Amino acid sequence: MEILIKIFTYLSPSDRREAGQTCRRWCEASNHTAFLENSWLVLYRQPFDVNVPPVRDLLQSFRHFPNVHFSRVDFERIGNFFAHFGPHIQRLVFDACEIQERDFTAILRCLPALRALTIGTCRDLFMCGRLFEDATVREQLRQTLANVRELSLKYNHYLSDAILYRLVEIMPALHTLALAGSRISFHKGLYRKFYPGDGKQPSESVLTFHYVSRLIEQRKESLRALDFGDTHVDDNALEVLAAMSPALCLERLELYSCEQLSSRGIGTLLTVQAQHLQQLNLARTIRLTDSCLVQICRELTGLRVLNIRECRAVTNQGVRELVQLPALQVLDISHCAEINGAAILEGIASRPNRTLRELRLRALNLCEHSIIAITENLTALRVLDLGLCLHAVSDICVQYIFRNLVQLTELNLKGCCKLSDEGLTGLGMGPTMQRHEQQQQQTVPQSGSSVDEPVRPSTPEQEPPPLQASNAPMRISLRSRAEREIVEAAERKKQLLEAMQRKNDLQSVTTGDGSSAAFSGYSIGRLKQLRVLTLTGCNRLTDVTLLYNFKLIELRELHLAKCDQIAVDGIRALVQGCPAIERLDLSECHNITDRAVELIVSQLTRLRTLGLQHCSQLTDFSLDYLACHGKRLREVDVRGCQYMCADPASRLVNLPLLATVLPHGSCDSGSVFPPYNEMALGPAPPPLPPTSPSRPSMRI
């Protein structure tokens, strides 16, 4: 057992779960207490009753669950479930659950090891306003919950000062307080109405910053993280928090989607918290300006995580200063319209950096030079998001990514429509790379351009030339533009397939980096550690990309939506080269047939989520293949598949774990696959309950 546990420490959680299916001994090793820290028991849309499965079956399990997540669960009979598992539960989440005060109190009494508690959108629990009203109950819970360090009360519209006071009172060791999305009143005019007299008693009706600040004042020596995201927090409120220093030493501050904030309040608070703050989230703070960002870069020298996504007032002037953050590991500047490639060239990509691990640049007006500089100077990147950089990401850029960023675990190239098979495979890109490097040595990039002048995307002359067709006499084509594009794509695919065949005939020596002597380009096969790949909207990609060296054994999540030239041959190569895929999105891939679905569900044994939205050739045979082979499927999206039956869930009743089936005509907003036009991925309220019926399930 000791040897097995030592071996399993080198595996990812997904691989350990698969290894645990081998035999009982390996199952015990995979469920060792050393591996349970990041394992969650999830009950989704399930009535909680100890007399019926799955809760009844869980009571017979030999395992313990340190992390439990209840989502849209109706608590009916809790029985002795928490008495049995409670002493081992460390993190507990209630998301949009129907639970009463009596049951909630009984649950908390059984959790002496609890470290983090999250209560989100639980309307029934707070609506009555009498939660923990009994002082005796609060004293008992205070002794039980003495180790709770994190409390999250996000998006609870019936939360009041009195309830918040009682919850904080029973958690004496509180370290983190999250009130994101709560209806906090910051207007001082409410104080006279709801706080008559000395104002020491908490209000039973509303939640006000007047009382929240008093609680923070009482716990300022122990609090290390605050979350006021998606609230109306203003500059005056931040000045109140700043006045609590130096006793208040925040390490993490969440202020996303706070429209009332400006540089005045943010700058005041950051000045007094500069020595301690490590994580700062200001996404969608539309009044954040360059002056505040410059202050952040010059004062918060220990900052490790910075998120300024969708801060429209930030320009190149502020982003250039990000190079002054020596400890920065995670940076998100996506969807900032005023930022272009000049800021990247003169800022974070101006010199080598081995600290930055995650960089998100979605929907920026970049250029080829800036992306190449990123690949050459930020070689320690693990996550790179270049989605919706429509004019910048080309085959040349992707070749530099494959050559220099071999440690990537997540790569997002969504909507980069200039990408083609040559860039992903490297076929024929060797001479092009050499010519491009020679041009780079002879010319100087536009790093010295002015701030107001955007860097223009690469000109057509800088793009790699397409594969030349055979010498044929000039003819006048009477085809339409769409027809010409189809013919050109077919010809390009034919030439690439011939190149692959010549490579096999020549038996060129393939090196360990995924390149070859005859074809010296770099293929995506170099990214051996890649786990998440997004190619949504890259409609120039064909089966050639999947046929040539697309072998990523660590790949867990793949998005190929709107890649409508992917067909059965590419899917056959995909399931052989990427056997560990758990989430696959093939929405609007119109060449996907029932045979392709059969290959997917029969070969990808770990598949849990499958998106087939608007795949126009699929029929009920695909549902039959899912019913026969998709034993681990959790969610299937077949919206827009017009040749399928109106109720696909009725044909999938034998799948024990299937939780959600989105049928044709459904507009369910709770799908794991977001809409294609989704631009902002910031924090948002939990989705509404689905309109279509689906089967409840248990997820571990």
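How do the residues of the lining of the largest cavity divide into nonpolar, polar and charged, and what number falls in each class? In this predicted model, the lining of the largest cavity divides into seven nonpolar residues, one polar and no charged. The residues that line this cavity are Leu322, Val323, Leu325, Leu328, Leu331, Ile348, Asn353 and Leu356. The space in the largest cavity comes to about 50 Å³, and the count of cavities of 30 Å³ or more is four.

A second topic is the packing of helix 9. This helix spans residues 161-169, and because seven of its nine residues are buried, it is largely enclosed by the rest of the structure. The buried residues are Asp161, Ala162, Ile163, Leu164, Arg166, Leu167 and Val168. Their packing partners include helix 7, helix 8 and helix 11, and strand 7, strand 8 and strand 10 are also among them.

The third topic is a pair of helices, helix 24 and helix 25. Their axes lie 9 Å apart, at an angle of about 10°. An angle under 35 degrees counts as roughly parallel, and helix 24 and helix 25 are therefore roughly parallel to each other. The contact residues are listed below.

| Helix | Residues | Contact residues |
|---|---|---|
| Helix 24 | residues 594-603 | Asp594, Val597, Glu598, Val601 and Ser602 |
| Helix 25 | residues 620-629 | Phe621, Ser622, Tyr625, Leu626 and His629 |

Across the contact of helix 24 with helix 25, five residues are nonpolar, three are polar and two are charged.

Definitions and conventions: Residues are numbered from 1 along each chain as its sequence is written. This is a predicted model: local features need pLDDT of at least 70, side-chain atom pairs count only at pLDDT 80 or more; totals for chains, interfaces and linings use all residues. Side-chain values use heavy atoms; hydrogens and water are left out. Axes are lines fitted to C-alpha atoms, for helices over the stretch in contact, and angles run from 0 to 180 degrees between N-to-C directions. Helices (H or I, at least four residues) and strands (E, at least two) are DSSP runs, numbered from the N terminus. Angles under 35 degrees count as roughly parallel, over 145 as roughly antiparallel, 65 to 115 as roughly perpendicular and the rest as oblique. Contact means heavy atoms within 4.5 Å. Ala, Val, Leu, Ile, Met, Phe, Trp, Tyr, Cys and Pro count as nonpolar, Asp, Glu, Lys and Arg as charged, and the others, Gly among them, as polar. Buried means under 20% relative accessible area, exposed over 50%, partly exposed in between (1.4 Å probe, protein chains only). On a 1 Å grid over the protein atoms alone, a cavity is a set of points where a 1.4 Å probe fits but cannot get out, and a pocket is an open set with protein on both sides within 12 Å along at least five of seven lines; lining residues have an atom within 4 Å of a point. Grid points are joined across faces, edges and corners, and a volume is the space filled by probe spheres set on the points.
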